[in-house]
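Student: I'd like to go through this structure with you, starting from one helix and working outwards. Could you put it up before we begin?

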Amino acid sequence: MLGGGEVIGELQMSWDEVLDHGDHPFDLSFPVMRGVQPSITLKVAVVHAWDDQNGTLFDSLVDCKIARDTDAARVRLARYVRRKRVSYLNGAVEHFQLVLNQCPVGHPDRATALTNLAWVCLQGYMRNEFQDIDTITSLFRDALALRPQHHPDHPLSLYNLTESLNWRHSRKSTAADICETVQLYHELLPLCPEGTYLRRFAGGKNGVDYVIDGCSRLPTDASDEGIHLRRVVLELCPLGHRLRPRTLDELARAVKARFDEHGGIDDLDTSIQLGREAVSLCPEGHADRGAYLNNLAFSLRSRFRNQGNPNDLDEAISLYEAALHLRPVGHKSRDFSLDNLGGALADRFNKRGDIEDMTQAIILRREALTLRPLGHPRRDTALNNLALVLQTRYDKSQVSEDLNEAIDRYRESLRLRRLDHPTRHRILYSLSLALCSRFTQAQKNEDVEEAIALCQESLAALSSLHPDRYFSYMWLQEAHSSRHQILHDPADLSLAMENFRLASRHSTQGFPERIIGAFNWTVAAEQHGHGSALEAYSTFFELLDAHLATRSSATSRREAAAAFHYARRLPANAASCAIRCDDLPHAVELVEQGRGQQWSLASRLRTPVEALESANPALVHNYLELSILVSSATQSSAPITDRAAGDRAVMEYRRLTRQWEAAVAEIRDLPAFSRFLLPPLYADLQAAARQGPVIILIASEYSCNAIIVRTSGDPHHVPLPSVRLADLTNLKDRFARAIRQASTMSPKLPRNDLIVLLRTVWDEIMLPIVNVLRHDLKLKYCRIWLCPTAAFTSIPLHAAHPFRTNPDGSREQCLEDLYICSYTPTLSALVRSRQTMKKRVTPSFVTIGQGQPGAGKGKALKAVDSELELVRKLVPATAKRTTISGDAATRAGALEALQQNTWVHLACHGKQDPKQPYNSHFVMKDEDLTLLDIMEIDIPHAEFAFLSACHTAVGDEETPDEVIHLAAGLQFSGFKSVIGTLWQVDDSVAKHVVKAFYENMFKDLKDGGAMDCTKAAWALNRATHAVKTTVPLEQRMVFVHIGV
């Protein structure tokens, strides 16, 4: 057997000493080598095998020639190591080559012979005696091939090949060598236990640390292979390894680069996660902390642009400021920090409009440019970035000097940037936008012609799925739109609209940018009367819905929607557009889709699947399990203060959501379920009108209209020509003032201001609708549902009244004389309530009252207890009755009561938060019972709720979902029929309405009839009539019915 590897010592022991051990194993130790003491365990066996002729050992036992040549080679190698004479090295190589020649393919010692020859040659290469490292590497590679996994010398051969590759890399800097070595070390280190001789070599600074350091010098590679390599390198740096922060940062930059090329949000999240760990491992004073802070901030800023979460931008700015603090004047990387902080401040200016942010951004980027003078390799980037902030300030201030300087800076940057630079396209389309602005100002055709050419060049430079194509499309649209405004060429308008379409549909760009693009498309299409307007509206709603679906909580979804507050009128505008296009069914679909997004997203995990279960039980089981997991992953209303934990929660939610969406896609493949969880079609929405027509009131800046939806046939259009959006806004404000004034008046005084306003509502809004209901549709005293939008939601339409007398002296009938009015937040909400009406259970009735809230929560409500007692007496004895009040009326107690009872009467303070409607709440003894609390419970068997509290049916001010309020929240949680309030309730007079309501609600139950929540609207109608002489007008109007 041949020895293989490094000579570590000579055995000086006589045969007698060896044989004295008999047949017992014994250890031989050698001098300490590089911190490890080598040893070997031997066992001696004497073999009598003499030849009868000449007494020599059989060749089958020992190959004397191979052994002698090997020994001779080792002697010469040892002399070379001691005396450094190349003749000894050549002699060693010669003898090892002789050994290899005697070990042909298949010989058991060939791997050792290859190793010995390669190792001695490597010693010569290391000392510059030999130059042929490629042959040495091939010898080691051949030896490794003969020692596969599980071979006892497999780790040694792995190590030998890494050594050869490392030396070749040190001389030739071949990237392929360092990449291969990474993979070899990834296999080798687990095979080398801590404390072993091989581990000491492989795990040292000249081993794996050299490889890790070499990888850090490789350029960032965003390919899948490049990122895989970085992940393997990271695995070579366990927790505590001094190079782990650097490898984390390098992997973070690689996945961020892949995001830049492909737009995958998971890559961006991963980059941030890795960057956070890198920063956490670099305490104050660490030399690389500034770089890691900067890189983490860069990824956070990118995620802000892609996802629109302002917390990411605030954190990025904080990190950029910390990095700049670590890079004072004279620091080699100060220019990076100046430039990056300037860009983040410009983003914050675009978000919040503080001109001080923009001023500071320009100052920072001017300083960065001074640190990159002529000849500096990054001067082109500094020029481009300064131009960007100057152009942004021009858009705000319209100072032509800013625009002209921006164009000059863009041009200089473009001249310096090489043609194959991966981000050259960004300068092209940015310069294009600046030239469009100058064309609009100076109307020089050459500017717009160049702008179009630049955008086309940028598109040609980008792959079809590159995220930045979005900006090329948008700025090309801007160029064609600008030219159309001056030259009025219809071809430019068509091209502008087509580029809007391409930009909005470009899937690899983040939702916020595409939503903005779609919104601008709707504005431009409406402005020019272009036929793509309806498509633009639909695209906007689809994108906003998809964007909100990425948010894991109702609060975060609402915040995401509020970022596009300027688009809150879009549902009504979309419906108005469809009406003008004579497409009434589509008008109904659009207004429903645009206004019901929050509720639709919240309810999608509660969709009934009975019909589907009979078609494919296994698919339903998978869908329901995933729905439970997604629901469980939903964040609670409590914010996650640990940002890293928050990121992990979002990533987990996105992973589960993708699985859930895949299950939904499978369901849609079934023939009868192709529209499962898609926005409902008009035919689906008609089910809302099964018990009476639904009247959608549309308040748009283009026109005001009503659409009457019936259970069959086409919808009916009722134009409201005398009503404008501004009129409704004024009417809303006048109602608010009149109600405030009435609350200070004696109950017996006439409410003249309210009477005038209600007469206006009757004459201009409700009378045209009533005429169609009575004369065209032949509908007399029946139920109707009002579904108001925009400004209509703040007007008490149900109380419309002519306050006039007929010629014969009789009183002219009002709306509530003619019809029994209910409201519905959306048509889908009414459909959902009707679907769950099939499941009736034995009724149980709970009265919840809190008249003595805690300090600072409002004045005492003295009539609450008497109201609860009144209601309890009026509830049929056949129902299980419970009362919760005083100290027992806590948040937890109220929630439990809501879940355990089918009928609820709630008397307490109610507070609507118009800025954050999910914080709207009922005041309990301890904590508030919020709308979010109510939405998070699912009570499919609940039937009726009477909310004897203030402001329970007033909605959101900032999003298209004006219908986010307490009453709608109870309906969402399962209550099919709800009485709510539009403004402040006077508890001293409300009890009269409450008494009259329940007397009418239950008056037919003496003969054993069943409690029926569908009678609530009729009972409220009768109650308000009954108390006309005892309750003032504004306190009769305050109560509204919502639901079935």
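Tutor: Before we look at a helix and what covers it, one term has to be fixed: contact means heavy atoms within 4.5 Å. Please also keep in mind throughout that this is a predicted model.

Student: Okay, so what covers the buried residues of α9?

Tutor: The cover includes α6 (154-172), α7 (175-188) and α8 (197-202), together with α10 (224-235) and α11 (244-262).

Student: And which residues in α9 are buried?

Tutor: They are Val208, Asp209, Val211, Ile212, Gly214, Cys215 and Ser216. That makes 7 of the 9 residues of the helix, which runs over residues 208-216, so α9 is largely enclosed by the rest of the structure.

Student: You listed Cys215 there. How many disulfides does the count come to?

Tutor: The count comes to 0 disulfides. For Cys237, the closest cysteine sulfur is the one in Cys215, and at 9.4 Å it is too far for a bond, given that a disulfide needs the two sulfur atoms within 2.5 Å.

Student: Is Cys237 buried or exposed, then?

Tutor: Cys237 counts as buried, because its relative accessibility is 0%. Cys455 is likewise buried, with a relative accessible area of 0%, and its sulfur lies 6.8 Å from the closest cysteine sulfur, in Cys436, which is again too far for a bond.

Student: Let's zoom out. How many helices and strands are there in the protein?

Tutor: The protein has 43 helices and 16 strands. Its radius of gyration is 40 Å, well over the 31 Å that the globule rule gives for 1044 residues, so the protein is more spread out than a compact globule. Along the principal axes, the C-alpha trace spans about 150 × 80 × 55 Å.

Student: What share of the residues counts as buried?

Tutor: Of the 1044 residues, 54% count as buried. The accessible surface comes to about 46,300 Å², and 52% of that belongs to carbon and sulfur atoms. If you take contacts between residues at least 6 apart in sequence, 69% of them join residues at least 24 apart.

Student: What about charge, how far apart are the mean positions of the positive and negative charges?

Tutor: There are 119 positive and 127 negative charges, and their mean positions are 5 Å apart.

Student: Back to single residues. Where is His547 found, and what is it in contact with?

Tutor: His547 is found in helix α24, residues 533-549, and it is buried, with a relative accessible area of 2%. Leaving aside neighbours within four places in sequence, its contacts are Gln307, Phe511, Pro512, Ile515, Ala560 and Phe564.

Student: And Glu559, which helix is that one in?

Tutor: Glu559 is found in helix α25, residues 554-562, and it is partly exposed, with a relative accessible area of 48%. Its C-alpha atom is separated by 10.0 Å from that of Gly308, although the two residues are 251 apart along the chain.

Student: What is Gln593 in contact with, beyond its sequence neighbours?

Tutor: Once the neighbours within four places in sequence are left aside, Gln593 is in contact with Phe541, Glu542 and Pro679. Gln593 is found in helix α27, residues 584-595, and at 18% relative accessibility it counts as buried.

Student: Now further along: where does Val989 lie?

Tutor: Val989 lies in helix α41, residues 987-1001, and it is buried, with a relative accessible area of 13%. Leaving aside neighbours within four places, it is in contact with Val1031 and Gln1035, while Arg1036, 47 residues apart in sequence, is 9.4 Å apart in space, C-alpha to C-alpha.

Student: Last topic, backbone angles. What is the phi of Leu677?

Tutor: Phi of Leu677 is near 65 degrees, a positive value in a residue other than glycine. For context, most residues other than glycine have a negative phi. Leu677 is found in the loop between α31 (643-668) and α32 (682-685), and it is partly exposed, with a relative accessible area of 28%.

Student: And Lys778, buried or exposed?

Tutor: Lys778 counts as exposed, at 62% relative accessibility. It lies in the loop between α34 (752-776) and β6 (783-788), and Lys778 has a positive phi of about 60 degrees although it is not a glycine.

Terms used. Residues are numbered from 1 along each chain as its sequence is written. This is a predicted model: local features need pLDDT of at least 70, side-chain atom pairs count only at pLDDT 80 or more; totals for chains, interfaces and linings use all residues. Side-chain values use heavy atoms; hydrogens and water are left out. Buried means under 20% relative accessible area, exposed over 50%, partly exposed in between (1.4 Å probe, protein chains only). Helices (H or I, at least four residues) and strands (E, at least two) are DSSP runs, numbered from the N terminus. The radius of gyration is taken over C-alpha atoms; the globule rule is 2.2 Å times the number of residues to the power 0.38. Accessible areas come from the Shrake-Rupley method with a 1.4 Å probe; for residues, only the protein chains shown count as cover. Lys and Arg count as positive and Asp and Glu as negative; His and the chain ends are not counted. The place of a charge is taken as NZ of Lys, CZ of Arg, CG of Asp or CD of Glu.
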